[in-house]
Amino acid sequence: MAHQGTPLPVLDDSQKISVGELKDLLAKSDPLVVDVRNPSEIEASGSIGSKKNINIPFSDLDKELSLSNAEFKAKYGLDKPQGDGSDVIFHCMKGGRGSRAVVVAEKHGMKKARNLEGGYGLWSSQ
């Protein structure tokens with residue numbers, strides 16, 4: 001589901017999290033894990049088990065992050081990410097949409113949001 005003709009953004013190391021780092025983080029805290037795949041992809045392959053895991057398809061992400069906190073909470077059952085986004089992890093299947101999601105999140109002030117390197121595909125293989 002790569003966007004044809006649009007190069008992937010180059011993220012610096014602070015904008016990435018490895019599978020091992022995410023597993024460690026999930027063992028000691030409750031980051032918000034945002035799956036930017038389409039619902040049919042999640043149904044077909046599964047999702048990351050975390051207490052705070054939501055699905056916002058990449059095509060809807062900018063619009064959804066523009067919602068008020070009340071609207072976001074009514075729709076997703078969780079508070080909208082606030083502040084620098086240091087507790088927000090985006091992922092897709094392989095990493096492309098997750099990388100783009102970090103760029104979208106930056107536009108909404110989440111300068112420390114991260115992308116799961118290798119996406120759910122790598123997560124599910126380890």
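What share of the contacts in the chain with a separation of 6 or more is accounted for by residues 24 or more positions apart? In this predicted model, such residues account for 64% of those contacts.

Begin with the whole chain selected, coloured by secondary structure, where you will find 6 helices and 5 strands, arranged along the sequence in the pattern β-α-β-α-β-α-α-β-α-β-α. The radius of gyration is 13 Å, close to the 14 Å that the globule rule gives for 126 residues, so the chain is as compact as a globular protein of that length. If you turn the C-alpha trace along its principal axes, it spans about 40 × 35 × 30 Å. Switching to a surface view, you are looking at an accessible surface of about 6,600 Å², of which carbon and sulfur atoms hold 51%, while buried residues make up 41% of the 126 residues in the chain.

Next, select strand E2, residues 32-35, and show its side chains: Leu32 and Val34 lie on one side, Val33 and Asp35 lie on the other, and all four of these residues are buried, which leaves both faces of the strand covered.

Keep E2 in view and add strand E4, residues 88-91, which pairs with E2 in the parallel sense over 4 bridges; within this pairing, valine 33 has isoleucine 89 of E4 as its bridge partner.

Then add strand E3, residues 53-55, which is also parallel to E2 and is joined to E2 over 3 bridges, with valine 34 standing opposite isoleucine 54 of E3. To follow the connection between these two strands, select helix H2, residues 39-45, through which the chain crosses from E2 to E3 in a right-handed β-α-β crossover.

Conventions: Residues are numbered from 1 along each chain as its sequence is written. This is a predicted model: local features need pLDDT of at least 70, side-chain atom pairs count only at pLDDT 80 or more; totals for chains, interfaces and linings use all residues. Side-chain values use heavy atoms; hydrogens and water are left out. Buried means under 20% relative accessible area, exposed over 50%, partly exposed in between (1.4 Å probe, protein chains only). Two strands pair if DSSP finds at least two bridges between them. A crossover is right-handed if, with the strands pointing away from the viewer, the path from the first strand over the helix to the second runs clockwise. The radius of gyration is taken over C-alpha atoms; the globule rule is 2.2 Å times the number of residues to the power 0.38. Contact means heavy atoms within 4.5 Å. Accessible areas come from the Shrake-Rupley method with a 1.4 Å probe; for residues, only the protein chains shown count as cover.
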